[in-house]
Amino acid sequence: MGKILCVAEKPSIAKAVANHLARAQARNVNGVTYVKNYVFDYNFTRWGASNVVFTSVLGHIKQHEFGPRYTSWNSCDPSELFDAPIVNSVVDDKKAIARNIEEQARGAQALFIWTDCDREGEHIGTEIRDIALRVNPRLDVKRARFSNIERAHVINAATNPVSLDEKQANAVAARIELDLRLGAAFTRLQTLALQSMISQEHKIISYGSCQFPTLGFVVDRYFRVKNFVPETFWLLKLMHEKNNIKVNFNWKRGHLFDRMAVTIIFERCLEAKMARVTSMQKKPTSKWKPLPLTTVELQKMGSRFLRMDSQRVMKVAEDLYTKGWISYPRTETDQFDKGMDLRSLVEKQQQDASWGAFAQNLMNGQFRQPRSGRHNDQAHPPIHPVNFVVRAQLQNDEERRVYEFVVRRFLACCSEDALGESTNIEVEYGGEIFRARGLIVIQRNYLDVYPYDKWDSSQQLPRFDVGEAFAPKEVQMTDGNTTAPGYLTEPELISLMDVNGIGTDATMAEHIAKIKEREYVMTRPKGGGRAGDDGGVRSTTGSRGGRGGTGRGRGGAGSGNAAPAAGNSGIQEFIPTTLGVALIEGYDNVGLDTSLSKPFLRKEMELQMRAICAGTATRSDVVHQNLELYRAVFMRTAQQMNVLKTAIRKYIPQANG
DNA sequence: GCAAGGTC
């Protein structure tokens, strides 16, 4: 029998797949803690009956560094890093893993790669292939195409091997090279030129294609808060009492910024005296159950409801995953595969003291197939509980909170939308339309297991009939002011990063932590302070019209960003430090077409990576084109370093130099 | 002493 070497991206996949294919024996690998070799026999369609060794790596194996002549910061001008040779080598603590692959590849007939089916997975696949081919050039190299680790799906993937997608791997290679060259060049440039101004210690002033846009979002919001100018608006309110129930009607126009116009309308209403019901509609309504859980959503909910920042939530989720309680926590997928046996997962939760009864109801006929979102990373299912664990068995309260959230979210996905009845009443009064809305929740359904959503009945509205006329009990003209938006919160920051393609689900939390570590931003509990004691930034001017926003543009009052609650929510808000503001403003003032603080560059990069995958661009096209673009930005920045220094002096008056 | 991306 021939020997087939299978290699997955991580130990959990190797274990799961091996056990689906056969009763595999686990063998330890010398010098590696997590990686195991699973040994078994299997009859492949392509290779026939074979001895199989199923092992894995741990993500990327290779690292990319500048050659030794360039590693010292004073060895060269940072601009040379645009062309300096890059050396690839096996990461030190992955040497034993590489050795294992070499040993197993020597006697093998084929290499069957089982890395995740995403771009990075494709690139990791080529790393594995290169290591294996060096010791055994005659290997038949194939990869498995799979999007979850359900048995039937895995067996199908084993039966239909495909080729590695060189294009996807090339797209990643381009990203790696550009991130390294640009990150290192700009970081050295900034640090060497500005470090002595802000600190005596050797602090790094780093640039990264994800760090800077992340900082840019924080600074952008900061200036919107600072430059906010409240505007006064006027509106009409109508109140009527019927059957001893007070009904408040809202003006269909919302509010206007023109006092005279509102006054005229108001007088017209008063003259009309009588209001007339033009429409009274009762209709069934529903509140949709949540979508299956993705990483980004987990991180947002963590900040909002679990009192943990995104990095903490991910750490806890990873622990729960390694212990076997929840599925893989890094996923973009918000749809469950049709073939997945969700009922058996619900069944396991029946024994819980808090949500067990709800799970039982689902088992007794209330189960509904989850909604499907529009994302699928083709590698992992949505985050869900895989096993039941009693609370006492979990390490600490954080683990309990995250596990509970994952379970409740999952059970909510498997139940029915909440149902209610909405009532809309419209009245015409002096030519204007006023509306009252009521809601009665009829069946809470998923809400019973998912307290993170709120949907409550309003007061019962009295009965009105179309055509009915009444003299309103009260009509008022009032005014109000638009309110400033709040500082950026973590869930908002994560959303911005997500929609702008800054970082991946697995790395967004790291970028946020990084800009804190670099002291570009700081956090504090939301509502913890008023303007004036807002931490880092001491002085600002109103000169940033482009970034500023006024209430009118954003929809004015009631824009949802009203003053924060009393600071007991546990939500953190992000405020840039003087250094963070100075860097962003400094770069903006350098007068580049392509500001480094804006997310466009990263977006552009994503598009170019897709072009490589689609075959409409090549790796070297993309690398060279970007290097030329950024080389110009770099040269201009170096020339205009005084502009950056001026910005630093402006915000950090005590700066040296 | 630099980046971002995997994963433990």
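The accessible surface of chain A amounts to about 29,900 Å², and 47% of this area belongs to carbon and sulfur atoms. The model from which this value was computed is a predicted one. Along the principal axes, the C-alpha atoms of chain A fill a box of roughly 95 × 75 × 50 Å, and the secondary structure of the chain comprises 18 helices and 18 strands. Of the 657 residues in chain A, 51% are buried. Among the contacts in chain A with a separation of 6 or more, 78% are accounted for by residues 24 or more positions apart.

The N-terminal part of the chain was examined next, beginning with strand β1. In this strand 6 of the 7 residues are buried, so β1 is largely enclosed by the rest of the structure. Strand β1 runs parallel to β4, to which it is joined by 7 bridges, and within this pairing Ala8 has Ser56 of β4 as its bridge partner. A parallel pairing also links β1 to β7, here over 5 bridges, with Cys6 standing opposite Phe112 in β7.

Helix α1, which spans residues 11-21, has 8 of its 11 residues buried and is therefore largely enclosed by the rest of the structure. The buried residues of the helix are Pro11, Ile13, Ala14, Ala16, Val17, Ala18, His20 and Leu21. In an α-helix there are 3.6 residues a turn, so residues three or four places apart point the same way. The cover over the buried residues of α1 includes the strands β1 (2-8), β3 (36-44), β4 (48-56) and β7 (110-114), together with helix α4 (151-159). Strand β1 thus appears in the cover of α1 and is also paired in the parallel sense with β7 and, through 7 bridges, with β4.

Internal space was considered last. The structure holds 1 cavity of 30 Å³ or more, and the volume of the largest cavity is about 110 Å³. The lining of the largest cavity is formed by 13 residues, among which Leu182, Tyr207, Ser209, Leu601 and Tyr630 lie nearest its centre. Two or more residues of this lining are given by each of the helices α5 (166-198), α16 (600-614) and α17 (619-639). In terms of residue character, the lining of the largest cavity divides into 8 nonpolar, 2 polar and 3 charged residues.

Notes:
Residues numbered from 1 in each chain as written. Chains lettered and ligands numbered in written order. Predicted model: local features only at pLDDT ≥ 70, side-chain atom pairs only at ≥ 80, totals over all residues. Heavy atoms only, no water. 1 Å grid on protein atoms, 1.4 Å probe; cavity = no way out; pocket = protein on both sides within 12 Å on 5 of 7 lines; lining within 4 Å. Points joined across faces, edges and corners; volume = space filled by probe spheres on them. Helix = DSSP H or I, 4+ residues; strand = E, 2+ residues; numbered from the N terminus. Nonpolar A, V, L, I, M, F, W, Y, C, P; charged D, E, K, R; others polar. Buried < 20%, exposed > 50% of the residue type's maximum accessible area, 1.4 Å probe, protein only. Contact = heavy atoms within 4.5 Å. Areas by Shrake-Rupley, 256 points an atom, 1.4 Å probe, with all protein chains shown as cover. Pairing = 2+ DSSP bridges.
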